Amino acid sequence: QVQLVESGGGLVQAGGSLRLSCAASGRTPGRYVMGWFRQAPGKEREFVATISWNGGIYADSVKGRFSISRDNVKSTVYLQMNSLKPEDTATYYCAAGPTTSRDTTAYGYWGQGTQVTVSS
């Protein structure tokens, strides 16, 4: 079983930055895909970014502003969020799965979420 724990959320002014972290523990596979999703109140959970060994993929809404990276030694995935907008306000979830995908159903492991609030 894989456990994922997000951290780094908080309150930030529009235009500011935050870095989210997702620490993985347990029997993580040698080759896997990590992703970030977010969910605002009253809305569906949506894809933000995903990463595998050959790089990252981003939603159009965050492309150029967010950057996903990973530290295999620490078993941690990061989401650097720059130029934050009020519409980025959501609970952000880390997920792990066997294949690269923008679909929530492709990920079998999920963290508890961390709140990001961007004020204007």
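Contact here means heavy atoms within 4.5 Å. Keep in mind that this is a predicted model, where local features need pLDDT of at least 70, side-chain atom pairs count only at pLDDT 80 or more, and totals for chains, interfaces and linings use all residues. Residues are numbered from 1 along each chain as its sequence is written, and side-chain values use heavy atoms, with hydrogens and water left out.

**Exercise 1. Find T100 and work out what surrounds it.**

Step 1: Start with the loop between β9 (90–97) and β10 (109–110), where T100 is found. Strands here are DSSP runs (E, at least two residues), helices are runs of H or I with at least four, and both are numbered from the N terminus.

Step 2: Look for its contacts, skipping neighbours within four places in sequence: you get V33, T50, S52 and I57.

Step 3: Try a C-alpha to C-alpha distance. T100 and M34 are 66 residues apart in sequence, yet 8.1 Å apart in space.

Step 4: Check the surface. T100 is partly exposed because its relative accessible area is 38%; the scale is buried under 20%, exposed over 50% and partly exposed in between, with a 1.4 Å probe and protein chains only.

**Exercise 2. Sort the side chains of β1 by face, then find the partner strand.**

Step 1: Walk along β1, residues 2–7, and watch the side chains alternate. V2, L4 and E6 share one face and are buried, while Q3, V5 and S7 point to the other and are not.

Step 2: Now look across to β3 (residues 18–26), which runs antiparallel to β1 and is joined to it by six bridges. For two strands to pair, DSSP has to find at least two bridges between them.

Step 3: Pick V5 and cross over to β3: its bridge partner there is A23.

**Exercise 3. Which residue in the loop between β7 (66–71) and β8 (76–81), and which in the loop between β8 and β9, should you check for phi?**

Step 1: In the loop between β7 and β8, go to S75. Its phi is near 50°, a positive value in a residue other than glycine.

Step 2: In the loop between β8 and β9, go to S83. Phi of S83 is also near 50°, again positive without the residue being glycine.

Step 3: Add the accessibility. S75 comes out at 22%, so it counts as partly exposed, and S83 is partly exposed because its value is 38%.

**Exercise 4. Trace the aromatic rings around F37.**

Step 1: Apply the rule: rings of Phe, Tyr and Trp (its six-membered ring) pair if their centres lie within 6.5 Å, with planes under 30 degrees apart stacked, over 60 edge-to-face and the rest tilted. The count comes to four aromatic pairs.

Step 2: Take F37 and Y107, an edge-to-face pair at 5.2 Å centre to centre and 75° between the planes. F37 lies in strand β4 (residues 33–39) and Y107 in the loop between β9 and β10, so this pair links distant parts of the chain, 70 residues apart.

Step 3: Check burial: F37 is buried at 0% relative accessibility, and Y107 is buried at 5%.

Step 4: Move on to F37 and W110, whose ring centres are 5.1 Å apart with planes at 55°, so this pair is tilted. It joins β4 to β10 across 73 residues. W110 itself is partly exposed, at 28%.

Step 5: Put the rings together: F37, F47, Y107 and W110 form one aromatic cluster.
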